[in-house]
Amino acid sequence: MRPARILEPRQARAEQAGADQAWTDQAWEVEAVLAWHDDNAKAAIRSLLDDCKHLRQQLALAESVMSRGMARGWAPRYERDAL
């Protein structure tokens with residue numbers, strides 16, 4: 001599947017920093033996802049939820065076959081930290 005439009009991220013100015021830059025990147029990502037799905041928000045959400053489900057399954061699989069010694073005590077978390 002090819003995106004309907006090719007989007008290029010905006011070039012950040014030197015004076016932009018921190019939250020402003022993060023918002024620009026996030027806004028571009030949102031536009032890219034919507035463009036990939038021909039501006040169909042429901043299809044974009046469904047795709048992202050499917051990706052999330054797949055990644056959680058992969059994390060569970062990795063957790064089940066990985067020893068504690070291999071990861072030096074690290075254990076995966078299925079929920080992200082609150083911002």
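# Exercises on a predicted chain

R46 is partly exposed, with a relative accessible area of 46%. The model that contains R46 is a predicted one. The exercises below begin with this residue.

## The salt bridge

**Task.** Identify the salt-bridge partner of R46, and explain how the two residues are placed in their helix.

**Solution.**
- Step one is to count: the chain has one salt bridge.
- Step two is to name the pair. The bridge joins R46 to D50, and their closest N and O atoms are 3.0 Å apart. A salt bridge requires this distance to be within 4 Å, so the pair qualifies.
- Step three is to place the pair. R46 and D50 are four residues apart in helix α2, which means that about one helical turn separates them.
- Step four is to check exposure. D50 has a relative accessibility of 38% and counts as partly exposed, and R46, at 46%, is partly exposed as well.

## The chain as a whole

**Task.** State how many helices and strands the chain has, and describe its burial, contacts and exposed area.

**Solution.**
- Begin with secondary structure: there are two helices and zero strands.
- Turn next to burial. Of the 83 residues in the chain, 8% are buried.
- Then consider contacts. Among those with a separation of 6 or more, 30% are between residues 24 or more positions apart.
- Finally, take the surface. About 7400 Å² is exposed, and 57% of this area is supplied by carbon and sulfur atoms.

## The loop between the helices

**Task.** Decide whether H37 is buried or exposed, and find its contacts beyond its neighbours within four places in sequence.

**Solution.**
- Locate the residue first: H37 belongs to the loop between α1 and α2.
- Apply the cut-off. Buried means under 20% relative accessible area; H37 has 14% and is therefore buried.
- List the contacts. With neighbours within four places in sequence set aside, H37 touches A43, A44 and S47.
- Follow one of these partners. A43 is located in helix α2 and is partly exposed, at 28% relative accessible area. The C-alpha atoms of A43 and V33 are 9.7 Å apart, while the two residues are ten apart in sequence.

**Task.** Describe what is unusual about the phi angles of D38 and D39, and classify the exposure of each residue.

**Solution.**
- Start from the general rule: most residues other than glycine have a negative phi.
- Compare D38 with the rule. Its phi is near 55 degrees, a positive value, and D38 is not a glycine.
- Do likewise for D39. This residue has a positive phi of about 60 degrees, and it is not a glycine either.
- Place both residues: D38 is in the loop between α1 and α2, and D39 is in the loop between α1 and α2.
- Classify their exposure. Exposed means over 50%; D38, at 53%, therefore counts as exposed, whereas D39, at 48%, counts as partly exposed.

## The two largest pockets

**Task.** Give the volume, lining residues and residue classes of the largest pocket.

**Solution.**
- The volume is about 210 Å³.
- The lining consists of C52, L55, R56, L59, R77, Y78, E79 and R80.
- Sorted by class, this lining has four nonpolar, four charged and no polar residues.

**Task.** Determine which helix supplies the largest share of the lining of the second largest pocket.

**Solution.**
- First note the volume of the second largest pocket, about 170 Å³.
- Next list its lining: Q26, E29, V30, V33, L34, A41, A44, I45 and L48.
- Then match the lining to the helices. Both α1 (19–36) and α2 (41–65) contribute at least two residues each.
- The largest share, five residues, comes from α1.
- As a last step, sort the lining by class: seven residues are nonpolar, one is polar and one is charged.
- Link this result to the earlier exercise. A44, one of the residues lining the second largest pocket, is also among the contacts of H37.

Methods. Residues numbered from 1 in each chain as written. Predicted model: local features only at pLDDT ≥ 70, side-chain atom pairs only at ≥ 80, totals over all residues. Heavy atoms only, no water. Buried < 20%, exposed > 50% of the residue type's maximum accessible area, 1.4 Å probe, protein only. Contact = heavy atoms within 4.5 Å. Areas by Shrake-Rupley, 256 points an atom, 1.4 Å probe, with all protein chains shown as cover. 1 Å grid on protein atoms, 1.4 Å probe; cavity = no way out; pocket = protein on both sides within 12 Å on 5 of 7 lines; lining within 4 Å. Points joined across faces, edges and corners; volume = space filled by probe spheres on them. Nonpolar A, V, L, I, M, F, W, Y, C, P; charged D, E, K, R; others polar. Salt bridge = Lys/Arg side-chain N within 4 Å of Asp/Glu carboxyl O.
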